[in-house]
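Here are a few exercises to work through with the structure open beside you. Try each task yourself before reading its solution.

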Amino acid sequence: MYKETGSKLSMAQTDKKKILIADSSSITIREIFKSDSAKLYDIQTVDSGEECLAKIESFKPELVFIELLLPKIHGIEILKKLKTDKNHRNIGVVITSSLSMIQNYNAALELGADYFLTKPFDSSQFFLILERYFQGSLTPDPFKNKESQFSEAVCYNPIATTSTSYLKFWGTRGSSPVSGQDFIRYGGNTCCLEVRNSDKLLVIDAGTGIRELGETIDTNVHTNIPLIIGHTHWDHITGFPFFAPLYHKQCTLDIYSPVGYQKETEELFNDMLAFGYFPVRLEDMFANLTFNKLRDGGAIEFGNLKIECHHSNHPGPTLCFKITSPRKTVGYVTDNELLLGYHGPPGSIGKESPLLEPHLSLLAFLDDCHVLVHEAQYFPYEYHDKVGWGHSSISNAVAFIKQLNHCREWIVTHHDPTHTDKDLMLKAQLHADVINECNLNVTFRMAYDGMILPL
């Protein structure tokens, strides 16, 4: 027997209604028992599905609160057992869950639950449901998406670091561009790297990837663009005349390149843009162009980034780079033949090896890099026929990287144009195998057109 007293129930001690709470959340249970209203009921608790079914037999509750994701046995399964058992089908059931999804709500009510209570809830809400149930007035509330309770103003909205400072690969092929269905995964453009630092933009290499990059640049914002050419082989310059900012009067391009053996970069570009090859001469381009010599040991300050240069082992004057930001140092080496003519296992090469001696200066230059972007153009069996071409085998690149003290990530670029997506996936596995064989603590990825690396 009970009578209403304000919003609470008062009854003789022996007439307390039996309530079972099946919930593994100690917070939920603690909050309920902190309320004075808990003294008005005989409340018992369990924290697993198995205990729930056993307690129903021994305790014989009149109303059960069942957490949907109850350990051992799912809340919906317990609900089905109760509603299909003639001895228990009259027990009231409230399903509780923090998973406020229409599917869970509908399933609970269709199977006979009296109410679907969304977590978190406070103790006053809990005891109001008890009161309404025993009065015979408890009906399910309409489903309300939990997300709709929150305003946009309190929504956590982090900003990706790649929106302000990053490297983006616009071309990852060496030698020549490729296209077709066999080259979709990794892309077919030749070398071009975008370097973003806040509102500043710098470009390394002018392979075919630079055309697509140029289409994305707002030349009203980026009126001064440094362009660094690592070396003047075709795969690093052939996209130059298709770079859109060249045709905007408000733009200035400061072009940096190594000192040439035969012709300087400006003269090479003039030759490349002869009328027999291209309809626009260098002097006819609208942008203001400056040509600057870049030497081994040189550096360019770029906002709070620093781009440093070092010679690499490749035919003709060739530079590789180290990009240092406040958070990360990245080495960028697209063309570099390591351990010239070596075909043995990388584990046999140590710091004292004569084969490594020509590369000690480069090792010192790259030693503080956290990430190294370095070519490994050939399978070991391919390198037998490519010695002296200026590119490395997988195994020789690993032999070099294992001498670095701080490198924890290796990204391979300058993919051979004959290597299809299938070849590069096989090559990626071989990279991982050789790294594992040498017990290196280095993660590995294959670069692809469009890949972004936060700085």
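**Exercise 1. Count the aromatic pairs, then classify the pair F126 and F127.**

Solution. This is a predicted model, so let's work from its computed geometry. Two rings count as a pair if their centres lie within 6.5 Å, and by this rule there are twelve aromatic pairs. Now take F126 and F127: their ring centres are 5.0 Å apart, with 90° between the planes. Planes over 60 degrees apart count as edge-to-face, so that is the label for this pair. Both F126 and F127 are buried. Finally, step back a little: ring pairs link F126 and F127 with Y41 and F65 into a cluster.

**Exercise 2. Work out which parts of the chain the pair F242 and F278 ties together.**

Solution. Start with the rings. The centres of F242 and F278 are 5.4 Å apart and the planes stand at 90°, so this pair is edge-to-face. Next, place each residue: F242 is in the loop between α7 (234-237) and β12 (252-258), while F278 is in the loop between α8 (265-272) and β13 (288-294), so the pair ties together parts that are 36 residues apart in sequence. Then check the exposure of each partner. F242 has a relative accessible area of 43%, which makes it partly exposed. F278 comes in at 14% and counts as buried.

**Exercise 3. Find which lysines lie over the faces of F286 and F365.**

Solution. Go to F286 and look above its face: K249 lies there, 5.8 Å from the ring centre. Now do the same for F365, where K322 lies over the face at 4.8 Å from the ring centre.

**Exercise 4. Does helix α3 have its buried residues on one face or on opposite faces?**

Solution. List the buried residues of α3 (residues 75-83): G75, I76, I78, L79 and L82. Looking down the axis of α3, you'll see them fall within an arc of 160°, so they line one face of the helix. What do the buried residues of α3 pack against? The partners are α2 (49-59), β5 (63-67), β6 (92-97) and α4 (102-110).

**Exercise 5. Check the span of helix α5 against its number of residues.**

Solution. Helix α5 (residues 123-135) has 13 residues. At 1.5 Å a residue, these should span 18 Å, and the end C-alpha atoms are 18 Å apart, which agrees. Next, pick out the buried residues of α5: F126, F127, I129, L130, E131 and F134. Right after α5 comes G136, whose phi is positive, near 85°.

**Exercise 6. How many residues of helix α11 are buried, and what covers them?**

Solution. Go along α11 (residues 394-401): eight of the eight residues are buried, so the helix is largely enclosed by the rest of the structure. By name, they are I394, S395, N396, A397, V398, A399, F400 and I401. Their cover includes α9 (360-366), β18 (371-374), α10 (380-383), β19 (409-412) and α12 (421-437).

**Exercise 7. Describe the surroundings of H314.**

Solution. First locate H314, in the loop between β15 (305-311) and β16 (319-324). With 11% relative accessibility, H314 counts as buried. Now follow the side chain of H314, which reaches the backbone oxygen of G390 at 2.9 Å. Leaving aside neighbours within four places in sequence, the contacts of H314 are H231, H233, D335, W389, G390 and H391.

**Exercise 8. Is Q44 buried or partly exposed, and which side chain does Q44 join in a polar contact?**

Solution. Q44 lies in strand β4 (residues 42-46). Partly exposed residues fall between 20% and 50% relative accessible area, and Q44, at 26%, counts as partly exposed. Not counting residues up to four places away in sequence, Q44 touches I19, L20, I21, K55 and F59. One of these, K55, has a side chain joined to that of Q44 by a polar contact of 3.0 Å. To finish, go from Q44 to I29: they are 15 residues apart in sequence, and their C-alpha atoms are 9.8 Å apart in space.

Key:
Residues numbered from 1 in each chain as written. Predicted model: local features only at pLDDT ≥ 70, side-chain atom pairs only at ≥ 80, totals over all residues. Heavy atoms only, no water. Buried < 20%, exposed > 50% of the residue type's maximum accessible area, 1.4 Å probe, protein only. Helix = DSSP H or I, 4+ residues; strand = E, 2+ residues; numbered from the N terminus. Arc of directions from axis to C-beta. Contact = heavy atoms within 4.5 Å. Phe/Tyr/Trp six-rings, centres within 6.5 Å; stacked < 30°, edge-to-face > 60°. Lys NZ or Arg CZ within 6 Å of the ring centre and 35° of its normal. Polar contact = N/O pair within 3.5 Å; in protein donor to acceptor, adjacent residues only side chain to side chain. Expected span 1.5 Å × (residues − 1).
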